[in-house]
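Welcome! Open the model in your viewer, and let's walk through it one selection at a time.

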Amino acid sequence: MMRKFACMLALVAYVGVPAVCMAQFNLKTLKSATKAVQAVTLTDAQMAEYVKEYIDWMDKHNPVCDESSPYTKRLETLTSSLDQVEGIKLNFKVYHVTDINAFACADGSIRVFSSLMDIMSDEELLGIIGHEIGHIAHKDSKNAFRTSLLTSALKDGISSQGGKAAALTDSQIGTLGEALVNSTYSQKQEKGADDYGYDFLKSKGKNPWAMALSFQKLKQIQEEAGAKKNNKLNQLFSTHPDLDVRIQRMTERAEKECIAKP
Ligand SMILES: [Zn+2]
């Protein structure tokens with residue numbers, strides 16, 4: 001069952017764009033995705049190599065919007081002042097896919113899906129990007145990747161490779177992708193990222209109500225998908241029961257700070 005890929009805000013096939021496909025995560029059947037973490041030493045340098053290998057694979061196997069795309073231009077405008085967080089250089093790309101989603105990788109790569117951009121206003125999109133940057137700043141992305149790596153692709157250990165990070169095979173990337181999709185952030189981590197997104201919006205002079213409003217939109221899509229009785233979608237969304245709580249938290253913050261709702 002799909003859950004979150006380094007923080008999935010939501011995941012749904014966006015109807016109405018039939019020419020566009022779902023994002024590729026190279027998911028393969030893995031019977032025991034949650035094996036015990038081996039006592040493997042993984043240096044930061046090795047981690048960085050594996051993160052790069054993974055995001056390179058994702059960029060190669062998903063339809064990245066080119067520089068002339070209106071999606072790319074919009075995202076560039078929105079993120080033009082965002083260079084780094086906690087010393088980690090940020091980079092942004094759009095995947096032209098039907099899933100409504102965005103994710104962050106530990107190396108500062110943030111990928112925003114075109115179908116998410118289709119439904120969100122600029123401020124809402126910036127709030128979601130702020131949330132993703134929060135996961136990078138709080139090292140959630142790094143920790144999730146490390147755990148996924150050690151429980152999937154590297155479950156047999158890397159010591160035999162003499163301490164040097166070995167290139168991942170397609171099969172290993174497949175199991176890593178699955179582990180990442182199945183990995184979840186704790187409620188505490190999600191709250192932390194939501195608060196980061198809220199403060200991020202304020203620091204940019206934007207209305208932080210955009211956090212609650214963007215979650216509200218995702219909830220609406222969730223409900224519409226449920227109403228269509230599409231089992232697969234229901235299954236995906238049944239894993240996001242925390243959306244109500246998150247809407248409430250972000251609403252309460254904005255109300256407490258007497259910020260006018262747009
Ligand atoms: Zn998140």
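Start by selecting residues 28-39, where the pLDDT (the predictor's confidence in each residue, from 0 to 100) stays under 50. For this stretch the model has 14 contacts beyond four places in sequence, a contact meaning heavy atoms within 4.5 Å. Next, select residues 233-239: the pLDDT is below 50 here too, and the model gives this stretch 18 contacts beyond near neighbours in sequence.

This is a predicted model, with residues numbered from 1 along each chain as its sequence is written. Local features need pLDDT of at least 70 and side-chain atom pairs count only at pLDDT 80 or more, while totals for chains, interfaces and linings use all residues, and side-chain values use heavy atoms, leaving out hydrogens and water.

Now colour the whole chain by pLDDT: the average is 80, and 74% of the residues score at least 70. Among the elements, helix H2 (residues 70-79) has the highest mean, 98, and helix H9 (residues 231-237) the lowest, 48. Helices (H or I, at least four residues) and strands (E, at least two) are DSSP runs, numbered from the N terminus.

Turn to the open sheet of three strands, ordered S3-S5-S4 with mixed pairing; two strands pair if DSSP finds at least two bridges between them. Strands S3 (91-95) and S4 (102-104) stand at the edges, each with a single partner strand, so one side of each has no neighbour in the sheet. Zoom in on S3 and S5 (residues 109-113), which run parallel and are joined by five bridges. Here Asn 91 stands opposite Ser 109 in S5.
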